[in-house]
Amino acid sequence: MADYKAPLRDMRFVLNEVFDAPKLWQTLPALAEVVDAETAEAILEEAGKITANTIAPLNRSGDEEGCHWKDGMVSTPAGYPQAYRLYAEGGWVGVGGDPAYGGMGMPKAISAQVEEMMNSASLAFGLYPMLTSGACLSIYAHASEELKQKYLPSMYAGAWSGSMCLTEPHAGTDLGIIRTKAEPQADGSYKVSGTKIFITGGEHDLTENIIHLVLAKLPDAPAGSRGISLFLVPKVMVNEDGSLGERNSLSCGSIEHKMGIQASATCVMNFDAATGWMVGEPNKGLAAMFTMMNYERLGVGIQGLSTGERSYQSAIEYARERIQSRAPTGPVAQDKAADPIIVHPDVRRMLLTMKALNEGGRAFSSYVALQLDIAKFSDDAEARQRAEAQVALLTPVAKAFLTDMGLETTVHGQQVFGGHGFIREWGQEQLVRDCRITQIYEGTNGIQALDLLGRKVVGSGGELYNTFIGEIRSYCASAAPELGEFIKPLIAALDNLDDLTAFVLAEARNNPNEIGAASVEYLHVFGYTAYAYMWARMAEAALGKESQDDFYASKLGTARFYFARLLPRIHSLSASVKAGSESLYLLDARQF
């Protein structure tokens with residue numbers, strides 16, 4: 001596998017030339033004093049170094065060795081504790097954390113790029129700081145000041161890590177039926193008891209303490225999801241002076257043996273009257289957890305992008321070097337027995353598909369990250385409200401579409417390698433295995449599609465949808481004439497999406513199965529259309545500069561490929577949606 005190199009040029013292009021993020025940061029008072037273009041550049045440069053030089057070399061060895069469980073203790077692969085210590089010492093765990101508690105205070109648009117680099121280097125490694133950052137978000141937004149002062153500094157510093165404990169053996173998506181209980185104590189604490197499964201980083205040897213955020217029900221909680229509370233439960237109790245005390249009454253019962261992300265400990269966690277403290281209000285734990293989930297779902301989408309980027313870097317290097325047969329138009333490498341496979345049309349199709357989906361995904365994830373920053377930091381109530389609406393609508397798309405495209409991209413990369421792509425030592429098969437989980441955890445992609453269509457589009461009466469589509473139509477209306485080759489198909493895609501949305505809304509009034517039947521294909525139509533908007537904006541930023549720099553020429557060529565070969569996928573997907581739900585119910589359950 002090729003050595004990983006952070007795509008810093010493309011990250012700078014997206015942030016500085018496409019979205020002018022430094023200008024936005026200067027309009028947000030909370031960020032104006034913290035970050036500018038130079039600061040962002042320095043942070044991304046350093047992140048590129050540590051991810052490429054320290055973490056990426058552990059990716060394959062970590063997969064080969066995996067994690068080990070013995071007597072309730074979990075050990076990570078060789079090199080992981082040392083690499084994590086270096087990563088933590090650099091302040092990277094707290095890159096987006098509040099400086100008042102020791103964080104770096106960077107906007108999400110910056111931390112999103114850091115996350116991409118981290119997960120391209122090693123998705124399994126990246127899960128440990130990702131879960132810690134997510135836990136910090138919920139603590140920061142909902143916990144008491146006492147809990148924030150006590151836990152956030154050590155978590156931002158990477159001395160302690162975090163986990164998110166939702167799923168139970170009988171309760172995955174339907175969290176309303178969880179059985180974990182929390183009994184109130186006279187001192188204001190709670191005794192938490194229950195079993196949680198699929199807990200990423202629930203136990204490991206990277207940090208001296210692990211802070212678990214656990215969903216549980218109070219004795220008098222109402223039934224269903226309205227009766228869920230959130231609790232902070234440390235692995236090791238923390239004394240009043242901040243030192244570590246006795247081990248809490250919780251344990252890791254086992255770790256899962258998985259298809260991929262072998263170096264990430266996926267744990268069964270048993271809480272046996274473990275001491276914890278409530279985060280937020282009683283019976284409002286899901287709201288507190290979803291503060292984290294909006295960021296985490298974007299983060300998982302970025303994981304799909306990250307594996308696709310790593311796959312592309314290896315595939316392009318291989319395609320330039322591997323010689324096999326001659327080009328259809330005649331020999332290209334006259335001095336060799338055959339031509340490099342990059343001359344072949346089908347190899348180019350795969351490479352350009354990877355490139356277009358990766359770069360479109362990077363622009364889209366950065367766009368969503370900027371909306372998160374506006375929603376969090378803007379002093380303008382109207383701007384905040386608009387950004388929150390964009391985040392609500394686009395989060396399920398970011399999670400599901402980026403990861404679906406990530407799997408397609410890793411598979412293309414594997415295919416470019418041919419038989420070598422199926423062999424472990426080349427690294428491409430690991431990326432396929434690792435990427436596959438991104439479509440499943442943090443809410444399966446089918447659930448994300450239902451969220452987009454059922455809750456965000458239908459549930460808002462089209463209001464959230466109209467806000468985003470209105471922005472794109474305004475952009476198209478003001479675009480320069482020379483952008484016509486990109487604007488015309490973008491407008492056609494918008495018209496198609498409007499028509500498809502109206503169709504589903506009308507059908508759903510008479511048949512409740514229509515939303516579920518249409519949702520996955522609908523999300524993909526939405527995703528390809530959103531990427532078309534991103535590609536139009538990238539083409540605008542590159543147009544006129546292509547003669548000066550191959551980077552811009554490459555950007556324009558890839559944009560043209562996207563509009564010519566990938567955007568047309570919306571037509572077959574739309575036809576599937578319009579076929580309706582009837583064919584899904586032609587078989588009785590016994591006939592399957």
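Helices α6 and α8 are oblique to each other in this predicted model. The reason lies in the angle between them: α6 (residues 80-89) and α8 pack at about 45 degrees, and an angle counts as oblique because it falls outside the ranges under 35, over 145 and 65 to 115 degrees. The two axes lie 11 Å apart. The crossing of α6 with α8 is right-handed.

On the α6 side, the contact is made by Tyr80, Ala83, Tyr84 and Tyr87. They meet Ala124, Phe125, Tyr128, Pro129 and Thr132 of α8. By class, this contact between α6 and α8 has 8 nonpolar residues, 1 polar residue and no charged residues.

Helix α8, which spans residues 123-142, also takes part in enclosing internal space. The count of cavities of 30 Å³ or more is 2. The largest holds about 430 Å³. Its lining is made up of 30 residues, and those closest to its centre are Gly96, Lys108, Ser111, Glu115 and Ser133. Four helices each give at least two residues to this lining: α7 (108-121), α8 (123-142), α10 (285-321) and α11 (345-377). The greatest contribution comes from α8, with 7 residues.

The second largest cavity contains about 50 Å³ of space. The residues around it are Gly304, Leu305, Gly308, Leu357, Asn358, Leu402, Met405, Gly406, Thr409 and Tyr531. At least two lining residues come from each of α10, α11 and α12 (381-416). Here α12 provides the largest share, 4 residues.

Helices α10 and α11 supply at least two residues each to the lining of the largest cavity, and they do so again for the second largest.

The table sets out the lining of each cavity by residue class.

| Cavity | Volume | Nonpolar | Polar | Charged |
|---|---|---|---|---|
| Largest | about 430 Å³ | 16 residues | 8 residues | 6 residues |
| Second largest | about 50 Å³ | 5 residues | 5 residues | no residues |

Charged residues thus appear in the lining of the largest cavity, where there are 6, whereas the second largest cavity has none in its lining. Among the residues closest to the centre of the largest cavity are Lys108 and Glu115. Lys108 opens the run of α7, which covers 108-121. In the second largest cavity, the lining divides into 5 nonpolar and 5 polar residues, and its members include Gly304, Gly308 and Gly406.

How values were computed. Residues numbered from 1 in each chain as written. Predicted model: local features only at pLDDT ≥ 70, side-chain atom pairs only at ≥ 80, totals over all residues. Heavy atoms only, no water. 1 Å grid on protein atoms, 1.4 Å probe; cavity = no way out; pocket = protein on both sides within 12 Å on 5 of 7 lines; lining within 4 Å. Points joined across faces, edges and corners; volume = space filled by probe spheres on them. Nonpolar A, V, L, I, M, F, W, Y, C, P; charged D, E, K, R; others polar. Axes fitted to C-alpha atoms, helices over the stretch in contact; angles between N-to-C directions. Left-handed = near helix turned anticlockwise from the far one by under 90°. Contact = heavy atoms within 4.5 Å.
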